[in-house]
Amino acid sequence: MIAQAIRLGLLPLIAVVAACGLVPVDQAERICLRDAQLAERPRGSVAMGVGSGSGGTRGYGSLELEISSDYIRGRDPSDVFNRCVLRRSGQMPVRVLADQPGWRG
């Protein structure tokens, strides 16, 4: 009875660990493109506006800034991309970063 309970308790853990496995190279390339873009330069957005309602007119704004540690350390985006694909898929990329759809380096 206890052994069965232990086995049932381990099933969710096994499922989580199995989900952390390697992915196909093409999927890893798509995922790692974002890492390479952030290694090239920070990304951000600014939003500003004015709204009115029963409480009067109010201004609002927001600022989002995303900076990667690869950018701060001055790493080459191609190297970041290659390492990321290797880590996620266990293989080197099929296409270099410059040939990836969506790369505007």
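A helix here is a DSSP run of H or I with at least four residues, and helices are numbered from the N terminus. With that in hand, Arg-30 and Asp-26 are easy to place: they sit four residues apart in helix H2, so about one helical turn separates them. Please keep in mind that this is a predicted model.

## The overall layout

Let's start with the whole chain. It contains four helices and two strands, and reading along the sequence gives the pattern α-α-β-β-α-α. Of its 105 residues, 21% are buried.

The accessible surface of the chain is about 7900 Å², and carbon and sulfur atoms account for 57% of it. As for contacts between residues at least 6 apart in sequence, 59% of them join residues at least 24 apart.

## The nonpolar core

Ten residues make up the largest nonpolar core: Val-25, Ala-28, Cys-32, Leu-33, Ala-36, Phe-81, Cys-84, Val-85, Leu-97 and Trp-103. Two helices, H2 (25-40) and H4 (77-89), each provide at least two residues of this core. The top contributor is H2, which gives five residues.

Ala-36 is a handy residue to look at in this core. Setting aside neighbours within four places in sequence, Ala-36 is in contact with Pro-77, Val-80, Phe-81, Leu-97 and Trp-103. Of these partners, Phe-81, Leu-97 and Trp-103 are listed in the core alongside Ala-36.

## The disulfide

The structure has one disulfide. Its partners are Cys-32 and Cys-84, with 2.0 Å between their sulfur atoms. The angle about the S-S bond is -70 degrees, and the link is left-handed. Since Cys-32 belongs to helix H2 and Cys-84 to helix H4, the pair ties together parts that lie 52 residues apart in sequence.

Are these two cysteines buried or exposed? Both Cys-32 and Cys-84 are buried, and both are members of the ten-residue core described above.

## Salt bridges within a helix

There are five salt bridges in the structure, and two of them can be introduced here as a pair of examples. In one, Arg-30 pairs with Asp-26, and the closest N and O atoms are 3.6 Å apart. Arg-30 counts as exposed because its relative accessibility is 56%, where exposed means over 50%. Asp-26, with a relative accessible area of 44%, is partly exposed.

The other example comes from helix H4. Asp-79 forms a salt bridge with Arg-83, and their closest N and O atoms are 3.0 Å apart. Both residues lie in H4, four residues apart, or about one turn of the helix. Here Asp-79 is partly exposed, with a relative accessible area of 31%, whereas Arg-83 is exposed at 56%.

## A salt bridge across the chain

Which parts of the chain does the salt bridge between Arg-34 and Glu-66 link? The side chains of Arg-34 and Glu-66 meet with an N to O distance of 2.6 Å. The pair links distant parts of the chain, 32 residues apart: Arg-34 is in helix H2 and Glu-66 is in strand E2 (residues 56-66).

Both ends of this bridge are partly exposed. Arg-34 has a relative accessible area of 34%, and Glu-66 has one of 37%.

## A nonpolar patch on the surface

On the surface, a nonpolar patch is formed by Leu-65, Ile-67, Tyr-71 and Ile-72, whose accessible area together is about 430 Å². Ile-72 belongs to helix H3 (residues 69-72). Why does Ile-72 count as exposed? Its relative accessibility is 65%, and the cut-off for exposed is over 50%.

## Leu-86 in helix H4

One more residue to find in the viewer is Leu-86, in helix H4. Leu-86 is partly exposed, with a relative accessible area of 41%. Leaving out neighbours within four places in sequence, Leu-86 is in contact with Gln-91 and Met-92.

Leu-86 can also be compared with Leu-22. Along the chain these residues are 64 residues apart, and 9.5 Å separates their C-alpha atoms.

Terms used
Residues are numbered from 1 along each chain as its sequence is written. This is a predicted model: local features need pLDDT of at least 70, side-chain atom pairs count only at pLDDT 80 or more; totals for chains, interfaces and linings use all residues. Side-chain values use heavy atoms; hydrogens and water are left out. A nonpolar core is a set of buried Ala, Val, Leu, Ile, Met, Phe, Trp, Tyr and Cys residues joined through side-chain atoms within 4.5 Å. Buried means under 20% relative accessible area, exposed over 50%, partly exposed in between (1.4 Å probe, protein chains only). Contact means heavy atoms within 4.5 Å. A disulfide is a pair of cysteine sulfur atoms within 2.5 Å. Accessible areas come from the Shrake-Rupley method with a 1.4 Å probe; for residues, only the protein chains shown count as cover. Patches are made of residues with over 30% relative accessible area and no salt bridge: like charges are joined within 9 Å, nonpolar side chains (Val, Leu, Ile, Met, Phe, Trp, Tyr) within 5 Å. A salt bridge is a side-chain nitrogen of Lys or Arg within 4 Å of a carboxyl oxygen of Asp or Glu.
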